[in-house]
There are 2 protein chains.
Amino acid sequence: MTVRIIDVREVTKPIASPIRNAYIDFTKMTTSLVAVATDVVRDGRRIVGYGFNSNGRYGQGGLIRERFAPRILEADPGSLANEAGDNLDPDRVWAAMMQNEKPGGHGERSVAVGTIDMAVWDATAKISGKPLFRLLAERHGLEADPRVFVYAAGGYYYPGKDLAQLRAEMRGYLDRGYTVVKMKIGGAPIEEDRRRIEAVLAEIGEARLAVDANGRFDLETAIQYAKMLRDYPLFWYEEAGDPLDYALQAALAEFYPRPMATGENLFSHQDARNLLRYAGMRPDRDWLQFDCALSYGLCEYQRTLGVVKAAGWSPRRLIPHGGHQMSLAIAAGLGLGGNESYPDLFQPYGGFPDGVAVEDSHIAMPELPGIGFEGKSDLIAAMHKVAE
Amino acid sequence: MTVRIIDVREVTKPIASPIRNAYIDFTKMTTSLVAVATDVVRDGRRIVGYGFNSNGRYGQGGLIRERFAPRILEADPGSLANEAGDNLDPDRVWAAMMQNEKPGGHGERSVAVGTIDMAVWDATAKISGKPLFRLLAERHGLEADPRVFVYAAGGYYYPGKDLAQLRAEMRGYLDRGYTVVKMKIGGAPIEEDRRRIEAVLAEIGEARLAVDANGRFDLETAIQYAKMLRDYPLFWYEEAGDPLDYALQAALAEFYPRPMATGENLFSHQDARNLLRYAGMRPDRDWLQFDCALSYGLCEYQRTLGVVKAAGWSPRRLIPHGGHQMSLAIAAGLGLGGNESYPDLFQPYGGFPDGVAVEDSHIAMPELPGIGFEGKSDLIAAMHKVAE
């Protein structure tokens with residue numbers, strides 16, 4: 001009997017918070033929580049894969065219900081399974097979802113597809129009885145490494161937040177085992193941002209600080225900030241300008257010799273390739289932050305890894321945006337440089353399985369079948385509600 | 001009293017047809033029909049603006065209802081009106097819609113916003129009592145030209161269609177006054193496409209033929225087609241490769257000296273700018289096909305015109321995709337090179353006001369307030385149903 005997908009469900013949930021970056025506030029942010037139910041029963045329990053979309057983009061209930069879930073459910077089950085018929089083939093499910101979609105226009109639908117794709121990979125790894133990171137390493141002929149670098153993303157603007165609170169927040173990340181932390185810039189005047197950076201650097205001592213402008217700056221402001229920021233030994237200067245303004249990014253290298261990072265708002269392998277072709281990014285020091293959960297999922301992310309390698313970059317230069325376990329699994333399985341994490345935000349979606357501690361800014365992946373959601377009690381409880 | 005938007009309504013309608021291009025079939029295609037109702041009453045009738053999304057991308061009811069309509073309806077009415085308060089300010093309505101949207105990711109939401117933006121401009125022109133094309137010319141200090149070039153897009157693949165039917169279809173366009181026609185390529189083997197092209201050229205005589213690959217080809221196939229196509233005096237060779245593969249487009253110029261066209265699947269001024277920066281397009285012969293109704297509307301299209309001019313191109317090189325009256329109005333008001341039309345497809349949305357005839361591949365814009373939907377009886381009947 002061929003493994004079948006018997007249902008695809010979605011609920012849109014708030015992940016609102018009072019934070020603000022240089023571009024948007026998050027008071028009305030939502031996410032889609034998706035369950036892909038299969039007809040496989042193991043140990044008396046139906047195997048269900050789960051997914052959710054990454055923060056910063058909104059839930060995609062409309063697109064999932066109108067286009068992507070129906071295409072899966074209307075497909076011949078044999079067309080979605082592997083040759084043996086004993087598991088799903090995520091690439092074939094992906095192809096079914098993208099039927100009759102025109103090329104280009106990579107936004108929103110890339111989130112809808114990425115969210116379902118996460119659930120499909122979760123189900124596939126569970127059916128194979130393996131952690132996704134081990135399944136991925138096997139498929140790519142690699143050695144999995146369960147130890148993954150993570151950094152603490154925070155330092156948002158919110159009403160009334162002062163330097164003492166910012167320092168206390170960063171101190172809290174160090175106390176929880178992080179040695180690399182990140183803060184927002186570009187949402188305040190440059191001299192205020194300088195004071196914020198100096199306050200954090202004074203607080204964190206030997207630890208490292210990355211700063212993130214969230215695409216806010218025009219070329220002139222990006223250069224002005226580059227000249228200010230190069231006075232400090234920062235971990236990286238992230239997303240200075242519009243994510244599609246490759247010429248701005250390329251010009252910035254003239255003013256900023258230290259590491260830069262970008263890519264979280266590029267949602268296809270074609271866009272990633274354009275960044276590598278045109279933005280003057282430097283493979284010896286810069287970082288690429290494409291987030292599979294916003295960008296058509298792991299099927300597409302593997303194509304993105306293909307263009308990254310073709311351009312002469314190591315997968316170690318990729319540290320995805322988003323702070324979800326899907327990217328942890330990809331990092332451990334395919335040798336990425338690490339993953340973002342938001343210790344205090346976007347719960348219960350982000351973060352690690354219960355009992356996983358951060359030490360020296362690394363975590364160790366537990367040996368849980370699938371992506372590992374079953375190991376995080378608050379998250380799996382929310383997921384079970386969607387499936388039931 | 002400040003002019004107010006009192007309601008934004010959307011219904012998703014099928015625009016299915018049995019046609020197929022090289023990339024997708026249209027059997028499940030939908031469009032969003034939108035009505036933006038104002039509190040302005042003229043001659044006993046409430047002024048309502050209408051919009052719809054262009055073909056090839058799906059209706060956007062979910063995004064419109066969840067994000068974009070609420071942001072307009074929750075905004076302070078004064079923040080959406082012009083300084084005098086006696087009309088809407090489309091750019092301010094646009095800014096309200098795009099609040100808390102991150103940069104990048106230009107797809108789907110660009111369609112949702114473009115559809116509402118069309119309705120907002122329709123309402124704005126109606127409140128000013130002028131045809132949109134005259135309002136636009138005034139605002140830009142230009143002379144409006146009601147005479148607009150149009151070409152007939154067709155030549156799709158569909159089951160059982162043979163060369164005789166293809167020739168008859170093209171003959172029909174000539175009989176209706178077109179002197180430039182377009183057909184699809186890339187959905188059949190190259191030698192069959194060559195026979196299709198030769199059949200059409202034999203049929204149309206002095207008239208001109210454009211061909212459209214809908215982004216289907218990889219570099220090798222695009223070059224192979226370029227070598228075949230350059231044997232014929234074509235009007236243009238359209239969208240050979242993936243819309244974001246600027247390097248492919250640039251390489252193609254080495255093999256194809258005649259005019260090429262692309263841009264219908266680029267949905268922001270940033271993407272348009274990248275095309276102009278990186279794709280080796282030639283301002284003396286190539287054509288740009290950005291479609292405002294898929295790309296955040298006329299507010300964004302004006303920014304796109306800005307980057308087009310900054311790159312040294314004439315607005316005459318723009319002939320938008322989509323075949324809707326919105327682009328006709330922009331062409332007549334802002335001096336574009338013309339507009340696509342689909343004489344037999346996507347009704348009642350596409351096409352011209354009743355009684356407007358094509359002569360020598362040009363139409364003359366009637367002096368109707370707004371975009372001109374009230375002049376097309378089947379379309380305005382469908383629109384009135386949304387508003388009532």
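Two strands count as paired if DSSP finds at least two bridges between them. The exercises below apply to a predicted model.

**Exercise 1. Determine how the sheet formed by β1, β2 and β3 of chain B is ordered, and which strands stand at its edges.**

Solution. Begin with one residue: Thr12(B) has Ser32(B) in β2(B) as its bridge partner. Next, consider the pair of strands as a whole, where β1(B) and β2(B), the latter covering residues 30–42, run antiparallel and are joined by 9 bridges. Extending this to the full sheet gives an open arrangement of 3 strands in the order β1-β2-β3 of chain B, with antiparallel pairing. Since β1 (5–14) and β3 (45–52) of chain B each have a single partner strand, they stand at the edges, and one side of each is therefore left without a neighbour in the sheet. From one strand to the next, the twist averages 25°. Finally, helix α1 of chain B, residues 61–74, lies across β1 and β2 of that chain and runs at about 170° to β1(B).

**Exercise 2. Describe how α3(A) packs against α4(A) and against α10(A), and classify each crossing.**

Solution. For the first pair, α3 (residues 109–128) and α4 (residues 132–139) of chain A have axes 9 Å apart and pack at an angle of about 85°. Because angles of 65 to 115 degrees count as roughly perpendicular, α3(A) is roughly perpendicular to α4(A). On the side of α3(A), the contact involves Trp121(A), Thr124(A), Ala125(A) and Ser128(A), which meet Leu132(A), Leu135(A), Leu136(A) and Arg139(A) of α4(A). Sorted by class, this contact of α3(A) with α4(A) holds 5 nonpolar, 2 polar and 1 charged residues.

For the second pair, the axes of α3(A) and α10(A), the latter spanning residues 297–310, cross at roughly 100° and come within 6 Å. This crossing, too, makes α3(A) roughly perpendicular to its partner, α10(A). Here α3(A) contributes Gly114(A), Asp117(A) and Trp121(A), while α10(A) contributes Gly297(A), Leu298(A), Cys299(A) and Gln302(A). The class count for the contact of α3(A) with α10(A) is 3 nonpolar, 3 polar and 1 charged.

**Exercise 3. Characterise the largest pocket and the largest cavity by volume and lining.**

Solution. Taking the pocket as the starting point, its volume is about 560 Å³. Its lining comprises 20 residues, of which Arg45(A), Arg46(A), Ile47(A), Val48(A) and Glu374(A) are the closest to the centre. Two or more lining residues come from each of β1 (5–14), β2 (30–42), β3 (45–52) and α12 (377–387) of chain A, and β3(A) gives the most, with 5 residues. By class, the pocket lining has 9 nonpolar, 2 polar and 9 charged residues.

Turning to the cavities, there are 11 of 30 Å³ or more, and the largest has a volume of about 110 Å³. Of its 15 lining residues, His106(A), Leu244(A), Asp271(A), His106(B) and Asp271(B) are the closest to the centre. The lining of this largest cavity divides into 6 nonpolar, 7 polar and 2 charged residues.

**Exercise 4. Locate the cis peptide bond between Gln347(A) and Pro348(A), its counterpart between Gln347(B) and Pro348(B), and the positive phi of Asn214(B).**

Solution. In chain A, the cis bond joining Gln347(A) and Pro348(A) has an omega of about 5°, and Pro348(A) sits in the loop between β10 (339–341) and β11 (362–364) of that chain. In chain B, the cis bond joining Gln347(B) and Pro348(B) has an omega of about 5°, and Pro348(B) belongs to the loop between β10 (339–341) and β11 (362–364) of chain B. As for Asn214(B), a residue other than glycine, its phi is positive, near 50°, and its place is in the loop between β6 (208–212) and α7 (219–229) of chain B.

Methods. Residues are numbered from 1 along each chain as its sequence is written. Chains are lettered from A and ligands numbered from 1 in the order in which they are written. This is a predicted model: local features need pLDDT of at least 70, side-chain atom pairs count only at pLDDT 80 or more; totals for chains, interfaces and linings use all residues. Side-chain values use heavy atoms; hydrogens and water are left out. Helices (H or I, at least four residues) and strands (E, at least two) are DSSP runs, numbered from the N terminus. Axes are lines fitted to C-alpha atoms, for helices over the stretch in contact, and angles run from 0 to 180 degrees between N-to-C directions. Contact means heavy atoms within 4.5 Å. On a 1 Å grid over the protein atoms alone, a cavity is a set of points where a 1.4 Å probe fits but cannot get out, and a pocket is an open set with protein on both sides within 12 Å along at least five of seven lines; lining residues have an atom within 4 Å of a point. Grid points are joined across faces, edges and corners, and a volume is the space filled by probe spheres set on the points. Ala, Val, Leu, Ile, Met, Phe, Trp, Tyr, Cys and Pro count as nonpolar, Asp, Glu, Lys and Arg as charged, and the others, Gly among them, as polar. Angles under 35 degrees count as roughly parallel, over 145 as roughly antiparallel, 65 to 115 as roughly perpendicular and the rest as oblique.
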